[in-house]
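Visitor: I am new to this structure and would like a close look at a single part, namely the aromatic rings and what surrounds them. Please take me through that part slowly, and then place it in the rest of the protein.

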Amino acid sequence: MAALQQIIFIPLLSLLPCVLWLWYFSSRSRYKRTAFGVLGKTFLLGALATIPTLFLNLFGQSIFIELFGRTQLSHALVLFFVVGPVEELIKLLVVYLYVYRRPEFDEPLDGVVYSATAALGFAAIENVIYLAQNDPMLVLLRGPLSNPGHALFSALWGLSLSRAKAAPNLASKRGPIILRGWLAAALVHSLFDLLLVASSQLSILFFAVLLASMVGLFFWVRSRIKHHSENSPHREGTLLMPFRRYCQECGTKGNAGMRCTKCGAFIPEPDELDLCPVCSTLQRPGAKFCARCGANIKLPAKENLDTRPHFVAVSPEGEEHIAYILNEAEVLVGRTLNNGFVIEHPSVSKRHARLVAEDDEYALYDLGSSNGTYVNGKRVSETKLVDGCDVRFGRAHYVYRAQHSHTEEQPS
């Protein structure tokens, strides 16, 4: 009877704090419906991830024991160089391989939610193993420390996944972002384990440092959650940004497409957008160079940044960099992270436009966006893109470069 109670009691006791923390993290996403099916599978995959992690940890442990024997030094080295990096890498792979490319991963906050979910699934199995070998009431210690610890460590690479998804789709751009997130999580995880061992063997002072560090990490992650929740692309509709023009009747400045506030005359929308692509200053009709910053209004290519079709963004200093490589037959453009070309700008709609490869060219289709899609200054519903044309999604400016004869770096 006692054995049966142990079989039922320990798993339930192990699962309870993980479920409570999972509710906390998943409930932070307030502006879209929770994908419970994806959340549940991520939790289970996180739990299953303990199997390869166990073998990798044992293998790493055997190497350090072979080198330094069964000493405190080898134990510390295993915690720092094996346990932290391996556990964070396996959890990261769960989210990256299963959730990262799914349409449900569509806002920056999802990086925290799904990383925490995988981590808590992992922690649940760890709890079962740990409590089966020790006093089950130690869950009172692991619940407030170890379980949220896994979620908080993983949030570091979870946030990096969100940043990478919004970055240009090049391995040289996205790879370092994810790598830095994993290294940060591995380092913090390893330091946590070392402080936990030191507090149990040396001094309660280490436990105080550990507790203060965990509280600090919790409030930092909480601040990131609050920031991404308040700036969620699902929170509000696209920010409408009307064009400011002078009334042709009385000269009063007003909004294009509306009536003048002074004389009531209709102010038409311009056929050509006389805006500098670098500093967004209004230009006189027919101007070739910006009167404010001197940038070329049409942005002719000074050099090709890549040999495949791509979009180029221009910094306020006039420097060009690749914004997106067109490496698929169809690419969605918009503000949420489940688009191919992600543009984090308030004037861009969640689903703004669509790019389709047609006969070695790309056709651009506006998807009823609030602020419109423009090519060389003209608002379009659909058009073919040509090399060097200026493309604007809402107020986000890019230059399109067509395909050339050879290939460079592979997109991520």
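**Rings, charges and their surroundings**

Guide: A good place to begin is a charge and a ring: the charged end of R392 sits over the ring of Y374, 4.2 Å from its centre. This comes from a predicted model, and everything that follows should be read with that in mind. A second arrangement of this kind involves K91, whose charged end lies over the ring of F122 at 5.6 Å from the ring centre.

From charges over rings we can turn to rings beside rings, for a search of the whole structure finds 21 aromatic pairs. One of them joins Y324 and F341, whose ring centres are 5.0 Å apart and whose planes meet at 15 degrees, so this pair counts as stacked, the cut-off being under 30 degrees. The pair links distant parts of the chain, since Y324 belongs to strand 4 (residues 320–325) and F341 to strand 6 (residues 341–342), with their positions 17 residues apart in the numbering. Both Y324 and F341 are buried. The two also belong to a wider group, because ring pairs link F311, Y324, F341, F393, Y398 and Y400 into a cluster.

Returning to the stretch of chain that follows Y374, we come to N376, which lies in the loop between strand 9 (373–375) and strand 10 (378–380). N376 has a positive phi of about 50 degrees although it is not a glycine. With a relative accessible area of 33%, N376 is partly exposed, because this value falls between the 20% and 50% limits.

Another aromatic residue, F153, is found in helix 7 (residues 146–166). Its relative accessible area is 2%, so F153 counts as buried, the limit being under 20%. Not counting residues up to four places away in sequence, F153 touches E88, A185, V188, H189, F192, M214 and L217. F153 and G84 are 69 residues apart along the chain, yet their C-alpha atoms are separated by 9.5 Å.

A further buried residue, V83, is in helix 4 (residues 72–98), and its relative accessible area is 13%. Leaving aside neighbours within four places in sequence, V83 is in contact with N57, V78 and D193. V83 and Q61 are 22 residues apart in sequence, while the distance from C-alpha to C-alpha is 8.9 Å.

Earlier in the chain, helix 2 (residues 36–48) and helix 3 (residues 50–68) have axes that come within 5 Å and cross at roughly 25 degrees. This angle makes helix 2 roughly parallel to helix 3, because angles under 35 degrees are counted that way. Their contact is made by G46, A47 and L48 of helix 2 together with T50, I51 and P52 of helix 3. By class, that contact of helix 2 with helix 3 has four nonpolar residues, two polar ones and no charged ones.

Stepping back to the whole, the protein has nine helices and 13 strands. Of its 412 residues, 47% are buried. Among the contacts in the protein with a separation of 6 or more, 58% are between residues 24 or more positions apart.

Methods: Residues numbered from 1 in each chain as written. Predicted model: local features only at pLDDT ≥ 70, side-chain atom pairs only at ≥ 80, totals over all residues. Heavy atoms only, no water. Axes fitted to C-alpha atoms, helices over the stretch in contact; angles between N-to-C directions. Helix = DSSP H or I, 4+ residues; strand = E, 2+ residues; numbered from the N terminus. Parallel < 35°, antiparallel > 145°, perpendicular 65-115°, else oblique. Contact = heavy atoms within 4.5 Å. Nonpolar A, V, L, I, M, F, W, Y, C, P; charged D, E, K, R; others polar. Phe/Tyr/Trp six-rings, centres within 6.5 Å; stacked < 30°, edge-to-face > 60°. Buried < 20%, exposed > 50% of the residue type's maximum accessible area, 1.4 Å probe, protein only. Lys NZ or Arg CZ within 6 Å of the ring centre and 35° of its normal.
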